[in-house]
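Open the model in your viewer and keep the sequence panel beside it. The tour starts with the whole chain and then moves to a few selections.

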Amino acid sequence: MPLESALVWTPVALSADLPVASVIPARLADAALAVWRAQDGTVSAVADRCPHRGMRLSHGFVRGEALSCIYHGWRYGKSGRCLAIPAHPALTPPETIRVATYRAAERDGIIWVTASQEAGAVPAHDGFLGLRSVTVAASPARLAASLGGTLDGSVIDGTIGGVTARLLLAPSGEEGVLLVHLLIASGAADAGKIAASRALEGLRRQAETATITGEAA
Ligand code: FES
């Protein structure tokens, strides 16, 4: 199954990688996103393009409950509406000036985004916690084979570094490259976390080498 069709909610980042009052770039299969966390901890996702002159909003900054564009400082609220234009401080921006928004949610230490208004509950991965994210230039099948794990849609279950693990796959925005979030059993000791993190590097090399040498994906 193509990765895109396995995803209604896309795991775009780990919660730990988006501190309070920060913004990061992220991806859906067909959209570049700016994902930001307000001062109150709320996560929002918007199109990564400022409606003014097209600057990437993921290059911007967060103050309080608003995301500001780095170029001319237009400020956007959680609804996507433009709240302020610094060059015209007396102006209340018309409601029509807004950036496209996406539904965003957090669960089990993972940030999820969907473009669908009909999407149901956010996927649950109880018993796991997010450890780190990497990009891997390999197909889902090749990655699963390299791990010796089981691929089900956009999820691979297996063992890595001696720890029970789950890999969540998402588009990276680059053809043939996956964004891979490593989750491990939530009870894992620190030594297990270190071992799993190191083993992920080895897994990446193994999966990418297998792809490059032309083994069947
Ligand atoms: S391009 Fe964003 S404020 Fe001008």
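What share of the contacts in the chain with a separation of 6 or more comes from residues 24 or more positions apart? Such residues account for 50% of those contacts. Keep in mind throughout that this is a predicted model.

**Whole chain**

Select the full chain and show it as a cartoon. There are 2 helices and 15 strands to find. Switch to the C-alpha trace and turn it along its principal axes: the spans are about 60 × 35 × 30 Å. The radius of gyration is 19 Å, which agrees with the value near 17 Å for a compact globule because the chain has 217 residues.

Now show the surface. The accessible surface of the chain comes to about 10400 Å², and carbon and sulfur atoms hold 52% of that area. Of the 217 residues, 43% are buried. If you colour by charge, look for 19 positive and 19 negative charges; the mean positions of the two sets lie 7 Å apart.

**Strand S4 and its partners**

Select residues 43–47, which form strand S4. Is this strand mostly covered or mostly open? S4 is mostly covered, with 5 of its 5 residues buried.

Add residues 31–37, strand S3. S3 runs antiparallel to S4, and the two are paired over 5 bridges. To see one position in this pairing, pick Trp 36 and look across to Ser 44 in S4. Then follow the chain from S3 into S4: the two strands form a hairpin, with 5 residues between them. Stop at Gly 41 in the turn, where phi is positive, at about 95°.

Next add residues 101–107, strand S9. S9 also pairs with S4 in the antiparallel sense, here over 2 bridges. Which residue in S9 is the bridge partner of Ala 45? Select Tyr 102 to see that partner.

**Ser 68**

Leave S4 and select residues 66–68, strand S6, which contains Ser 68. Why does Ser 68 count as buried? Its relative accessibility is 3%, and buried means under 20%.

Finally, show what lies around this residue. Leaving aside residues up to four places away in sequence, Ser 68 touches Gly 60, Phe 61, Gly 73, Trp 74 and Arg 75. Display these five as sticks together with Ser 68 to finish the tour.

Definitions and conventions
Residues are numbered from 1 along each chain as its sequence is written. This is a predicted model: local features need pLDDT of at least 70, side-chain atom pairs count only at pLDDT 80 or more; totals for chains, interfaces and linings use all residues. Side-chain values use heavy atoms; hydrogens and water are left out. Helices (H or I, at least four residues) and strands (E, at least two) are DSSP runs, numbered from the N terminus. The radius of gyration is taken over C-alpha atoms; the globule rule is 2.2 Å times the number of residues to the power 0.38. Buried means under 20% relative accessible area, exposed over 50%, partly exposed in between (1.4 Å probe, protein chains only). Contact means heavy atoms within 4.5 Å. Accessible areas come from the Shrake-Rupley method with a 1.4 Å probe; for residues, only the protein chains shown count as cover. Lys and Arg count as positive and Asp and Glu as negative; His and the chain ends are not counted. The place of a charge is taken as NZ of Lys, CZ of Arg, CG of Asp or CD of Glu. Two strands pair if DSSP finds at least two bridges between them.
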